[in-house]
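Hi,

Here is the structure I promised to pass on to you. Have a look at it first, and my notes on what turned up follow below.

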Amino acid sequence: MGMIEAILLTVITAATPLVIASLGELVTERAGVLNLGVEGMMIMGAAIAFAATQMTGSPYVGVVAGIAGGALFSLLFGFLTLTLVANQVATGLALTILGLGVSGQIGEPYAGMSGVKLQPIAIPLLADIPFLGPLLFRQDLIFYLSIMLVIGINWFLFSSRAGLKLRAIGDNHASAHALGIHVIRTRYLAVMFGGACAGLAGAQLSLVYTPQWVETMSAGRGWIALALVVFASWRPWRVLAGGYLFGAVSISQLHAQAFGIGIPPQFLSSLPYVATVVVLILISHNRRVTLINTPASLGKPFVPDR
Amino acid sequence: MKKLLLALATSAALLGFSAAAGAQDKTKVCFIYVGSKTDGGYSEGHDRGRQELEQALGDKVETAFLENVPEGPDAERAIERMARSGCALVFTTSFGFMDATIKVAQKFPDVKFEHATGFKSSENVGTYNARFYEGRYIQGVIAAKVSKAGVAGYIASFPIPEVVMGINAFMLGAHSVNPDFKVKIVWANTWADPGKEADAAKALADQGVDILTQHTDSTAPMQVAAERGIKAFGQASDMIAAGPETQLTAIVDTWGAYYIKRTQAVIDGTWKPENIWDGLKDGILTMAPYTNMPDDVKKAAEEVEAKIRSGELHPFTGPVKKQDGSDWLAEGEVSDDGTLLGMNFYIAGIDDKLPQ
Amino acid sequence: MRIELEKRPRPSTLLSVLSPFLALALTVVAGGIMFALIGKNPVAALYSFFVEPLTDVWSLHEIAVKAAPLILIGAGLSVCYRSNNWNIGAEGQFIMGAIAGAIVPVVFHDWHSPLVLPLMLVFGMIGGALYAAIPAFLKAHMNTNEILTSLMLVYIAQLFLDWLVRGPWRSPDAYNFPVTRDFTPEAILPEMIASGRTNYGFAFAILAAVGLWFMMRYTLKGFEISVLGQSERAGRFAGFSSRRMIWFSMLLSGALAGLAGISEVSGVIGKLQPIISPGYGFTAIIVAFLGRLNPLGIIAAGLFLALTYVGGEAVQLTLNVSDKVTRVFQGLLLFFVLSCDTLIQYRVRLVLSGLGRSGQGEAH
């Protein structure tokens, strides 16, 4: 395995949880709901996926449990913000506090255990392509899911009727409601989808990235995922690009250190954040394009008048 | 509402009093951790010590702890709460608690405090630390004997003297076997972020190291090493479960012996503030079994360990040059503890530049 | 069964007072069950959490110490959020304020003068404001989303502080540990009352919150903030510039976060070190919304949240529960508070399925 290939593999593993959680949040936000609890849902997914894997011995059960756990946990957010129209920003942050606490409780018996790693699945023929094969076609299930999610969500949002409705709700829930679209129901589904994705991202952390449970092992990745949605101006392909950019810069700085280039590690460590900001500045100069893609109802509560 | 509160207050007060009455003759020993007690690394090591203390002294002691206390403004409050809650002896287990410990100790002259890894003491504050560098030296010896590439990867947390001292000790050990042995160092800028530690481990493995050692908390680097089929050293805990065929040995924090000794001193009324820096011979750190290495390497490691225990060998013995080529220790000269505790330079033979 | 909301013609004053107490009652019930489930005495737990910290002068001080930065930052953020500027980087502005303020006692440590402290505070505010000026400039002139930029700048500030205290600002007499020199006595923000740790940072917090409350309620600026917050278009018709508002709100909240930072470093820690905040800048976001973006409400919310931290530690120590349990409890509490606030604006009705008017809603 060549060095470039090895580095890219590391980048893919580091970027995948960011991409997945970010895609989920993108759908949630496209429906007009701002859920800042990604970090909490992600760590819940990690704990539940790890616990389920240890109990059953199968990481696939873990993946399913992580997805389900994230979705169920996000329902709490949905109930508060959609049914009770509680403030979305505060509820999302509270969800993160709760998630860190509950996941710590769930994971405590499993701390220090070595987990079961989700094994790669080689796709016949494609896996044998030089260079690209090992990178893209000899990966684990969650990586394949991440790519399918990008393609699927892109199609859903921009080419399907349901996606059009979802975007309509995000842009103007009052008129969407007037057109007969189920605003609250759709938003519930979008929130749960976001939770499921965050849960899957968490499962990636505790089953692929580092098969173990450590309290707060998400280490702020949920926040990065949130930022990536903005970075991507709510477009799925840009989430993928943003996640990989962030991952690539993070990994390159480690390699730079191992080569011994003698720049303070704090500066190198700040590069992914700087890079994200700089690229965002470069791509957001066109105000119109940004506005078109920003869900106009984002974060605003909706109560159908009867 | 008021009535309810009143009822709550009285019943709880009663509870509190009865609990206090039962605990009269027990010595309360308290611990404050910077991480979670199940962090798999540093704080868990201290909590193991707390549990050993409970087992060893049984009915004579009662322990309590606060975990995940950030090293900022919250520390003083947490420590003062312990002093107020009847703790006779408080162990503040992280460097960042130093000033807060000293401040609270001034307010509570009757409570004894022990601060780990710091340098400030007072009439009722002692300090304690472990000579982890002894273990790192042994690891260096093993690394140089086992490595075929002649280069090890070192995942470091932050450039503080403790970590720099560890890197130097590791390299002194390695150079005692192979003077050309190299090390690649990556600063993760974190104590515990498994993902980042794994990324650092992968980066080092990709650059051709065949031995990994870490000064961060999680078992992620061990798992990466296992996956890549290279060898690694565990940190703070025995990490053999994460790499049954990977771990060569591990430096295991065994604070328990120390906690028992000092608590007993408080019970006996003989406690005095001391600046303690114990080593392998005192049991404050231990080496996990030497595994996954040829017998001759194992034997060499055991010999080095025995020499360190007996005091025959001090890892920081001259001749040692600093990285810039200047002389540090003359032939046979042993470094004083002050230089080690404030170490901010690399020894010769490390190519990396120390972040300043 | 469904839950339906009906908007009240006017927000209920009674419930806006009662809702926190209702939330507290619900938390007591839910929390009691939770503690009972993990085998701890619920009465003792709830007592340690909510009552014990209020019965002791010491812990009252500690609550004030903990609440001060939350209120100071939260009050500034409320202006941002009311005007639709999503500054979530107060944590970074807090750190940069602390660094800028610390220039005086660290770099000019031989300078002893009564001016040291006032200069530090001014520098702190400037530092925080300048750091907030980055996302403000990027939003106002480069059209760059401030949620991302302000958040990313937090991480950069943390790393910058880390580098400073390990590198150029490292104390010459701390055995190369990552701390700056201890601040000299004239660089320490004094305590307000002899009985405990509360320093003047708490006074700053209360003054700032009351001042902002006055501004929001009685001045044209306050009106401008609300109008622009509700609709940029309407604001433009009224002759208000949303660009100027970006600058105003971001600089203001940055300055207050910076003041919180230097107050904390000068009044509580006494030097710079790699970690100077347990996430105050993020917790203050919750405080801002718990206080319903009203600066006076933010005072109450800050004190209340501080109580949950101080009480959380009390429970950990008296009942030997892990900090995870107290965090779950804190999360539950926040959920109840947030959902009870719904009652202020809405009537809540339970509708049994089939009996409600479901299905018709769409025709409206």
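In this predicted model, 30 residues of chain B make contact with 30 residues of chain A. On the chain B side, the elements that each contribute two or more residues are β7 (182-187), α7 (194-206) and α8 (220-228). Of these, α7(B) supplies the largest share, with 9 residues. If you are wondering about the chemistry of the side of chain B that touches chain A, it divides into 12 nonpolar, 9 polar and 9 charged residues.

Chain A also comes with some annotation. Its unreviewed UniProt entry marks residues 31-53, 60-86, 141-158, 188-210 and 267-283 as "transmembrane region". I checked two of these spans against the model. Residues 31-53 of chain A are 70% helix and 0% strand, and the C-alpha atoms at the two ends are 33 Å apart. For residues 188-210 of chain A, the figures are 96% helix and 0% strand, with 31 Å between the end C-alpha atoms.

Finally, a residue in chain C that you may like to find on screen. C:Arg217 sits in helix α7 of chain C, which runs over residues 200-218. Is C:Arg217 buried or exposed? C:Arg217 counts as exposed, because it has 12 C-beta neighbours inside 10 Å and the cut-off for exposed is 12 or fewer. C:Asn294 is 77 residues away from C:Arg217 in sequence, yet their C-alpha atoms are 9.7 Å apart in space.

Happy browsing, and do write back with any questions.

Best wishes

Conventions
Residues are numbered from 1 along each chain as its sequence is written. Chains are lettered from A and ligands numbered from 1 in the order in which they are written. This is a predicted model: local features need pLDDT of at least 70, side-chain atom pairs count only at pLDDT 80 or more; totals for chains, interfaces and linings use all residues. Helices (H or I, at least four residues) and strands (E, at least two) are DSSP runs, numbered from the N terminus. A residue is buried if 20 or more other C-beta atoms lie within 10 Å of its own, exposed if 12 or fewer, and partly exposed in between; C-beta atoms are placed from the backbone. UniProt positions are given in the numbering used here, feature names are shortened, and annotations may be inferred rather than shown by experiment. Two residues are in contact if their C-beta atoms, placed from the backbone, lie within 7 Å. Ala, Val, Leu, Ile, Met, Phe, Trp, Tyr, Cys and Pro count as nonpolar, Asp, Glu, Lys and Arg as charged, and the others, Gly among them, as polar.
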